[in-house]
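Please look through the sequence and the structure below before reading on. The report that follows then takes up a few features in turn.

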Amino acid sequence: MHRPSVFAIAISHIATISTVSIQLLIHRGGGRHVAAAAAEYIFPPVGFGITRNTKYHHKQRCAFMITHAHFASMVSCKNNINKQQQRGSAAIDKSKAQSDSAAAAVFSDTIKLLHQKKQSLRKRIRSRMKSTYYLSTDETDRLITQSNAVFARLFTLPEYESAQSIGFFLSMPSGEIQTRNAIRKIVEEDNDKTLYVPRVGLDLEKCEMDMVRCETAASGDRDTDGKTVFYDAWPRNKWGIPEPPVSTTDVAKPGDIDLLIVPGLAFDTHGHRLGQGKGYYDRFIVRMHKYGHHEEEEDARPFLVGVCLEEQFLEEVPREIDLGGVDRDDASGGIIPISDHDYIMDMVLSPSRTLVVPK
């Protein structure tokens, strides 16, 4: 009596199907290939067994309990399952693509709305500053007085006292806080500190900024009070701001600047900053971020101090400024809307306040 063949194993897999017993004559080089192919398509391990079994029993007759109809039915069933799986996979891919597209659309709309809010705020604050600080003697005196009050606060800060290096901007001729007297004080009285000042360069479209280490020896044209400032002879960019010569190559690297003084068109009570819209300082701060490469090394960046005039510090939306629907940024609580790439100040100084921003 023969032991159960692999064909009997195949029968157990299709027991739920009504079968008709037929005999497939498997001869050498003949019908065994058909049977093997059929079984291998449906039950791969069985197909291998058929081929191996018939290889050594070329002239024996073997009963294979499956009809052509059943085989066709099972092939069709398997094909249908494959098609359903393919359709399901395609549906998942389509759904994911639609979801990604919808998310991208929402993100794009959010960015556009944020940009519109910032532009609206910039327009109205620029208008306010222009009407407040027109070029009259009285308003110029007021501008200088407020500026000196801000930097008097700066010079008493522990963060200033402990800083060995400072990044300090050179101001525009009008319309913003003036830094000339503060820089003169650093050069003359705190000359143990290394001073860096911005250089935008000739390619204004790149919106990239370096901070250049200064040689602060007195040079250039004399000021009205008979004193000189080291940058008086420097070339000026399109905003009328002096810039270090291109030949000066000692630029700040990550970790070089301890304290960075940051200008802005406006600041609010959450330390949010509204810049001029070019992104110079945001990009520069990213580049100055020093990342620790070992467990004992901490990430570090300059301590950020925003400075502004009274008219630029926003505790609430001033009545005379119509923000066109801009009130408060719901996500952050500040008046000035911010995005992920906007840096929040560590401290903000105005003539009448020192704001320490909670971590």
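## A buried group of rings

In this predicted model, Y231 is buried, since its relative accessible area is 5%, which falls under the 20% that marks a residue as buried. Its partner F230 is buried as well, with a relative accessible area of 4%. The ring centres of F230 and Y231 lie 5.4 Å apart and their planes meet at 85 degrees, so this pair counts as edge-to-face, given that an angle over 60 degrees is what the term requires.

F230 also pairs with W234: the centres of these two rings are 5.4 Å apart and the planes stand at 75 degrees, so this pair, too, is edge-to-face. Both F230 and W234 are buried.

## Other aromatic rings

By the rule for pairing rings, the count comes to seven aromatic pairs. Elsewhere in the sequence, F151, F168 and F169 form one aromatic cluster.

Two rings have a lysine charge placed over them. The charged end of K185 sits over the ring of F155, at 4.2 Å from the ring centre, while the charged end of K193 sits over the ring of Y160, at 4.8 Å from the centre of that ring.

## The protein as a whole

The protein contains eight helices and twelve strands, and of its 359 residues 40% are buried. Among contacts with a separation of 6 or more, 71% are between residues 24 or more positions apart.

The protein exposes about 21,100 Å² of surface, and carbon and sulfur atoms supply 53% of that area.

How values were computed: Residues are numbered from 1 along each chain as its sequence is written. This is a predicted model: local features need pLDDT of at least 70, side-chain atom pairs count only at pLDDT 80 or more; totals for chains, interfaces and linings use all residues. Side-chain values use heavy atoms; hydrogens and water are left out. Rings of Phe, Tyr and Trp (its six-membered ring) pair if their centres lie within 6.5 Å; planes under 30 degrees apart count as stacked, over 60 as edge-to-face and the rest as tilted. Buried means under 20% relative accessible area, exposed over 50%, partly exposed in between (1.4 Å probe, protein chains only). A charge sits over a ring if NZ of Lys or CZ of Arg is within 6 Å of the ring centre and within 35 degrees of the ring normal. Helices (H or I, at least four residues) and strands (E, at least two) are DSSP runs, numbered from the N terminus. Contact means heavy atoms within 4.5 Å. Accessible areas come from the Shrake-Rupley method with a 1.4 Å probe; for residues, only the protein chains shown count as cover.
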